[in-house]
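I sat down with the sequence and the model to see what I could look up. These are my notes, in the order I made them.

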Amino acid sequence: MYKFSKDDCFISSFEGGLSGMLIVFLLFFSISLFSQEKDDLGTEVVTIVKPYTPTISDAFKVKETPVLNDTDTLQKKEVRYEIFSVPVASTFTPSKGKAATVDKAKPLQLYDNYATLGFGSYTSVLAELFSSFEISRTDNAGIFFRHNASHGNIEETLLDSKYYDTELSGNYTSRQKDMAYKMEAGIQHQVFNWYGLNDAFDTASEETIHAINPQQTYLGFNLGGTLSLSESVFESATAKIHYLGDAFSSSEINVNLQPKFMLPLSDFNLQVLAEVDYLTGKFDRNYTTQDEVVYNFLNVGITPSLVYVNDDLTLSLGANTVVSLDSENSETNFFIYPKIQASYRLIEEVLIVYGGVEGGLQQNTYQHFKDENPFVSPTLQIAPTSQLYNAFGGLKGKLSNQVGYNVRGSYGKEENKALFQLNPYKGMSNFFEGYEYGNSFGLVYDNLNILNLVGELKVDISEAFMLGANANFYSYLLDNQPEAWNLPELTASVFSNFNITEKVYAGVSLFFVGERKDVFTTQLSQVVTLNPYFDANVDLGYKVNDRLSIFGKGSNLFGNHYQKWQNFPVQGIQGLLGATYKFDW
């Protein structure tokens, strides 16, 4: 027999009810479809009195923390910590620590002023004074005085051979945030003697010798300044004015102005150098006649260049354009010179290759010639020299942090190159000037091709030792002159500075100059050869303290009375002792 449970009755009743509802729904749906097909409900107008305004009901929020009705409530138990100390016997007693001492180097005391005084052979005197004044945090002023003289005569010279050179200069410097400038002025007084008489005077009478006045005096003034601007297209400018006069009423004025501009571009910088140079001067006469010599030159040049610099390559491509006006001869010349330089770092600082082609117009001056050769006569013909080109290339770098080198070769051509040449010997008349006895130098001009090979080496280990050496080889080719007068084919030098102890320092310099050619002219011209010479010099000093130093100098230690210029022997072995004192006002 099968038994019904309550669940069975509920399921049966639910199934029966669901069947009845389905029958009623189908019947209602059939009647509705029938009514829509038969009845027409028509149209009706609905008027909306108020627009629909929806609202949002507030969300239900829990406004307080629910209370938990937990029958099991745990309470935190208090925990107590106690340290159980037990004494331990120990014989160790720590000592107090002591900081280690550091040896501090004594700070180097720098002084703004120094004075030097020395006396030596040939009645020589050396005196120097330099002083610097701090006007403000940005401005400084300084003065410099120097006197170098020798009042003793050279052996076997018939005329007075003394000389002295005195100069006094001052400067004022200001360094502002965006600008810096410097002004300077100076005066120089020099005395030299044309003591280089030829062998014909060995038999001359004392009356004839004493009648010759060989002294020449130079007096020069200079005034100049520089101006530099930062973050400006106008980068800097330099201006100089120089005057030179002598004992024979010669005079010369030279004015030079050089502005510099720099315009940054995308990959290059455009650099523009300009120059205005004005030179005027006169000599009372030339060497052969009584005619006055007057010269006036105005040179205006501009050099635009494109400059490119990166980590390894430096490149400058430019050209120099110059207009030269010779007002005395009513001539105007126009020149264009190359200005190309390049360098490339092949192996960091070890090997750098460089080269280029340059040229330019060099305005020769009386000042320049007398600085190079103080025995020139006051009868010169002054003209500019045009360097058409000078092509050069070389290698330089550092073999180590202490050893640097430079090897270079160049070939160039110069038009109207000035060469020193011994003036003709006129005789022993007492009516001649002191420079007309074949004992002074004049100038000849010629076109010159020159090959130059250079080697340089420098070892700079520290402040305690430095050694340098260089050598130059020259080869000349001229258009008209048979020789490159007074130009050597080989020069070399070695120099070194080193500290022997903390208080003793020394320096050594060696010079070599090869053969040179000159011409001796009476009624006929004869080419003469000046022997090569070697000159050794040494200086030794002792630092008594930070302020006082004692020094000694030795020059021409081999004692050779060599001739740097024809018939002009130099002093033999020379010695000088002196002291330098540093101080602050």
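**Tyrosine 366 and its surroundings**

I started at tyrosine 366 in this predicted model. Setting aside neighbours within four places in sequence, I found tyrosine 366 in contact with Gln216, Tyr218, Leu244, Asp246, Ser250, Glu252, Phe283, Tyr295, Val376, Pro378, Leu380 and Ile382.

Which core residues have the most contacts inside the largest nonpolar core? I got Phe201, Tyr366, Phe369 and Leu380, in a core of 37 residues. So my starting residue, Tyr366, is on that list, and its contact Leu380 is too, which fits the general habit of nonpolar side chains in soluble globular proteins to be buried together.

Next I checked which elements give two or more residues to this core. They are E9, E10, helix H3 (366-372), strand E15 (403-422) and strand E16 (441-462).

I also noted another core lying apart from it, with seven residues. Val444, Leu478, Ala484 and Trp485 are among them.

**Strands E9, E10 and E11**

E9 and E10 both turned up in the core list, and I followed them next. E9 covers residues 269-283 and E10 covers residues 293-309, and I see them paired antiparallel over 15 bridges. For one register check, I took glutamine 271, whose bridge partner in E10 is serine 305.

E10 also pairs with strand E11 (residues 313-326), again in the antiparallel sense, over eleven bridges. Here valine 307 sits opposite serine 316 of E11. How many residues lie between E10 and E11 in their hairpin? I count three.

**Strands E18, E19 and E22**

Further along the chain I looked at strand E18 (residues 490-499) and strand E19 (residues 504-513), which are antiparallel with nine bridges. Four residues make the hairpin link from E18 to E19. Across this pair, asparagine 497 is opposite glycine 507 in E19.

E19 has a further antiparallel partner in strand E22 (residues 533-543), joined to E19 by ten bridges. My marker for this pairing is tyrosine 505, opposite glycine 541 in E22.

**Whole chain**

I finished with the totals. The protein chain has three helices and 26 strands. Of its 585 residues, 33% count as buried. Among contacts between residues at least 6 apart in sequence, I noted that 57% join residues at least 24 apart. The accessible surface comes to about 38400 Å², and carbon and sulfur atoms account for 58% of that.

Key. Residues numbered from 1 in each chain as written. Predicted model: local features only at pLDDT ≥ 70, side-chain atom pairs only at ≥ 80, totals over all residues. Heavy atoms only, no water. Pairing = 2+ DSSP bridges. Core = buried A, V, L, I, M, F, W, Y, C linked by side-chain atoms within 4.5 Å. Buried < 20%, exposed > 50% of the residue type's maximum accessible area, 1.4 Å probe, protein only. Contact = heavy atoms within 4.5 Å. Areas by Shrake-Rupley, 256 points an atom, 1.4 Å probe, with all protein chains shown as cover.
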